[in-house]
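Hello,

Here is the structure I said I would pass on. My notes on what turned up follow below it.

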Amino acid sequence: MVSNATGLKVLVVDDSNTIRRSAEIFLKQGGHEVLLAEDGFEALAKINDTPPDLIFCDILMPRLDGYQTCAIIKRNPRFAPIPVVMLSSKDGVFDKARGRMVGSQDYLTKPFTKDQLLTAVQQIASNLSGALS
């Protein structure tokens with residue numbers, strides 16, 4: 001665990017290198033440890049090896065999309081408690097509803113700012129600490 005009390009281990013799953021890198025920079029500036037994955041399969045392997053505290057998952061990815069990835073995570077009792085925030089360039093009601101149906105906690109529209117990303121992490125972190133106390 002990072003010495004910073006708010007530091008979380010965050011997994012960013014996105015097939016866009018640009019999105020992964022900018023999220024990594026923003027999260028590290030916020031004091032978080034960052035894991036990166038290009039698609040759902042890589043994400044599932046990383047979650048199995050090093051379970052994160054929080055997952056940001058793109059919806060549109062090759063091979064295994066964000067909805068499928070989130071559903072698989074939520075069906076596994078070991079990983080189901082990990083909050084998942086869906087990432088999408090579309091800000092549609094349908095996408096948000098579908099994300100909730102597969103178990104995501106929140107939804108962030110791309111491109112996001114550093115503040116939007118860190119605010120989402122903070123909200124999840126406060127929910128996590130509330131659940132732990």
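S88 is a useful place to start: leaving aside residues up to four places away in sequence, S88 touches D58, I59, Y107, L108, T109 and K110. Please keep in mind that this is a predicted model. S88 itself belongs to strand 4, residues 84-88, and has a relative accessible area of 2%, so it counts as buried under the 20% cut-off.

On the sheet: it is open, with 5 strands in the order 2-1-3-4-5 and parallel pairing. Strand 2 (33-37) and strand 5 (106-109) are at the edges; each has a single partner strand, so one side of each lacks a neighbour in the sheet. From one strand to the next, the twist averages 20°. Strands 4 and 5 pair in the parallel sense over 4 bridges, with V85 opposite D106 in strand 5. Helix 2 (residues 40-49) packs on the sheet and touches strand 1 (9-13), strand 2 and strand 3 (54-58). The direction of helix 2 makes about 160° with that of strand 1.

On charges: there are 7 salt bridges in the structure. Two of the residues that S88 touches, D58 and K110, form one of them, with the closest N and O atoms 3.0 Å apart. D58 lies in strand 3 and K110 in the loop between strand 5 and helix 5, so this pair ties together parts 52 residues apart in sequence. K110 also bridges to D14, at 2.9 Å between the closest N and O atoms. Shared partners thus place D14, D58 and K110 in one network. Relative accessibility is 0% for D14, 3% for D58 and 14% for K110.

Regards

Terms used
Residues numbered from 1 in each chain as written. Predicted model: local features only at pLDDT ≥ 70, side-chain atom pairs only at ≥ 80, totals over all residues. Heavy atoms only, no water. Helix = DSSP H or I, 4+ residues; strand = E, 2+ residues; numbered from the N terminus. Buried < 20%, exposed > 50% of the residue type's maximum accessible area, 1.4 Å probe, protein only. Contact = heavy atoms within 4.5 Å. Pairing = 2+ DSSP bridges. Axes fitted to C-alpha atoms, helices over the stretch in contact; angles between N-to-C directions. Salt bridge = Lys/Arg side-chain N within 4 Å of Asp/Glu carboxyl O.
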